[in-house]
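This report introduces a protein chain to a reader who meets it here without earlier acquaintance. It proceeds from the overall fold to a sheet, a helix and some details of the backbone.

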Amino acid sequence: MTKHIRRSLEPVLQRAATEFPAVVLTGPRQSGKTTLLKHLFAGSHGYVSLELPDVRASAEEDPRSFLARFPPPVIYDEVQFVPGLLPYVKELIDEDRGRAGQFLLSGSQNLLLNERVTESLPGRAAILHLLPLSGREAVGRIDAPLVWEAEGGTGARQSLSPPDLWQRFLRGSYPELVANPERDLHLWHSSYIQTYLERDVRTLRQVGDLTQFQSFLRAVAARTGQLLNLSDVARDLGVAVNTAKAWLSVLEATYQVFKVRPYFANIGKRLVKSPKVYIADLGTLCHLTGLRDPGHAAAGPLAGPLMEAAVLGEIVKTLMHRGERPQVYFWRTAAGAEVDFIVDAGRELIPIEVKTMATPRPAMTRGIRSFRNDLGDRCGPGFLIHAGQGRLPMGSGVTAAGFAEL
């Protein structure tokens with residue numbers, strides 16, 4: 001039996017279940033949603049999987065009888081397969097609005113679930129997101145602060161040599177692979193992508209040709225960390241630009257990519273300028289781009305985007321698993337100055353530069369210094385995240401820190 005891995009979202013999920021009649025837990029397939037719900041609520045809630053065809057048919061044909069057969073408190077797993085059930089869930093909630101934690105709903109399609117929950121359960125449901133494991137969760141330090149939150153200290157979780165770091169990137173962060181290091185990576189990721197295409201993507205109306213969609217997924221992976229020009233991608237694949245846009249929204253809705261928009265003080269500009277796109281899981285990224293060994297990953301042309309994706313993933317997962325909405329941007333000027341990531345931490349902006357080298361140098365912080373000069377008082381401390389170990393002051397409010405200390 002696989003050992004339970006503690007998740008940072010656990011206290012957030014438990015609190016939400018005491019405050020809302022329904023809690024919706026979304027995230028990619030295999031991120032641990034079912035495991036987490038059963039671990040926290042198996043003693044208090046029934047459990048029903050709506051992915052099974054006969055159960056799904058029963059819920060669709062006679063939703064009121066189905067809900068009476070599986071009454072609250074209950075966990076309904078993969079609820080996106082029967083979205084028509086939600087108005088009847090609302091009916092039951094409205095009969096007893098004072099009772100929290102009646103329905104715990106999970107699903108792997110953020111877009112469809114959010115639409116249906118907004119329509120059917122307004123004000124009645126908390127929506128939380130569970131992504132694959134953060135580095136903190138993988139090593140059992142779920143409360144470790146992010147590096148800019150560690151007052152005068154360190155957010156270090158463990159010592160990682162560069163070869164160990166790249167091997168971890170290659171494996172990815174899905175709980176099953178982290179808990180079972182003997183698993184065949186190539187076979188697991190190949191099976192995951194096929195299951196994702198067959199079970200998640202096939203159900204979405206924007207996708208007709210699964211083979212062509214898989215080619216699109218690989219094309220996006222090859223452009224990880226770049227400004228995504230959908231016109232170029234569409235031309236290369238021989239599809240319409242609107243089709244490419246719809247497919248990108250599918251990748252976002254199923255948590256396969258993160259979009260990072262440019263930082264502008266004018267919020268309107270952020271929305272119209274081209275974003276950078278990153279494949280969310282490093283193991284998936286390595287599999288899609290043909291990377292099979294750590295040396296190839298560290299020395300190849302995708303080393304920089306891989307390292308950036310790792311830093312972005314750790315920030316997004318850590319914040320999202322606290323129940324927060326991450327606000328991460330990149331910064332680039334017409335004069336050529338740029339910073340990989342700008343984290344809006346509320347009262348201040350945290351500039352972060354990412355390097356694959358294990359030996360940080362002050363010259364690598366030039367972009368952060370330019371950003372600090374431009375933003376002035378709003379700018380917080382800057383960080384250069386690298387593949388080595390330890391922390392080192394770089395001057396001008398910038399600190400170099402190894403990835404394990406992020």
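Helices (H or I, at least four residues) and strands (E, at least two) are DSSP runs, numbered from the N terminus. The model is predicted, so local features need pLDDT of at least 70 and side-chain atom pairs count only at pLDDT 80 or more, while totals for chains, interfaces and linings use all residues. Residues are numbered from 1 along each chain as its sequence is written, and side-chain values use heavy atoms, with hydrogens and water left out.

**Overall form**

The secondary structure of the protein chain comes to 18 helices and 13 strands. Along the principal axes, its C-alpha atoms fill a box of roughly 70 × 50 × 50 Å. The radius of gyration (taken over C-alpha atoms) is compared with a globule rule of 2.2 Å times the number of residues to the power 0.38. For 406 residues a compact globule would have a value near 22 Å, and the protein chain agrees with this at 22 Å.

Burial is judged by relative accessible area: under 20% is buried, over 50% is exposed, and anything in between is partly exposed (1.4 Å probe, protein chains only). Buried residues make up 53% of the 406 residues in the protein chain. A contact means heavy atoms within 4.5 Å. Of the contacts in the protein chain with a separation of 6 or more, 68% are accounted for by residues 24 or more positions apart.

**The sheet of eight strands**

Strands of a sheet pair through backbone hydrogen bonds, either parallel or antiparallel. Here two strands are taken to pair if DSSP finds at least two bridges between them. An open sheet of eight strands, with mixed pairing, follows the order S7-S6-S8-S9-S10-S11-S13-S12. Strand S7 (276-279) and S12 stand at the edges with a single partner strand each, so one side of each is left without a neighbour in the sheet. On average, neighbouring strands of this sheet are turned by 30° against each other, direction ignored.

Both senses of pairing can be seen in this chain. S10 and S11 pair in the parallel sense over three bridges, and Glu353 has Leu384 in S11 as its bridge partner. S12 and S13 pair in the antiparallel sense over four bridges, and Gly395 has Val398 in S13 as its bridge partner.

In a regular strand the side chains alternate between the two faces of the sheet. In S11, Gly382, Leu384 and His386 point one way and Phe383 and Ile385 the other way, and all are buried. Because five of the five residues of strand S11 (residues 382-386) are buried, this strand is largely enclosed by the rest of the structure.

Ile350 lies in strand S10 (residues 349-354) and counts as buried at 0% relative accessibility. Apart from neighbours within four places in sequence, Ile350 is in contact with Trp148, Phe341, Ile342, Val343, Ala345, Gly380, Pro381 and Phe383. By contrast, 50 Å separates the C-alpha atoms of Ile350 and Phe66, which are 284 residues apart along the chain.

**Two helices**

Axes are lines fitted to C-alpha atoms, for helices over the stretch in contact, and angles run from 0 to 180 degrees between N-to-C directions. Helix H13 (residues 241-253) lies across strand S6 (257-262) and S7, at about 110° to S6.

The expected span of a helix is 1.5 Å times one less than its number of residues. Helix H17 (residues 303-320) has 18 residues and reaches 25 Å from its first C-alpha to its last, close to the 26 Å expected. Since 17 of the 18 residues of H17 are buried, this helix is largely enclosed by the rest of the structure.

**Backbone details and cysteines**

Most residues other than glycine have a negative phi, and most peptide bonds are trans. Two residues with a positive phi are set out below.

| Residue | Phi | Loop between | Relative accessibility |
|---|---|---|---|
| Gln30 | near 70° | strand S1 (22-26) and helix H2 (33-41) | 39%, partly exposed |
| Ser396 | about 60° | strand S12 (391-395) and strand S13 (398-402) | 47%, partly exposed |

A cis peptide bond joins Pro72 and Pro73, with omega about 0°. Pro73 is found in the loop between helix H4 (63-69) and strand S3 (74-77).

A disulfide is a pair of cysteine sulfur atoms within 2.5 Å, and by this rule the count comes to zero. Cys286 counts as buried at 1% relative accessibility, and Cys379 counts as buried at 11%.
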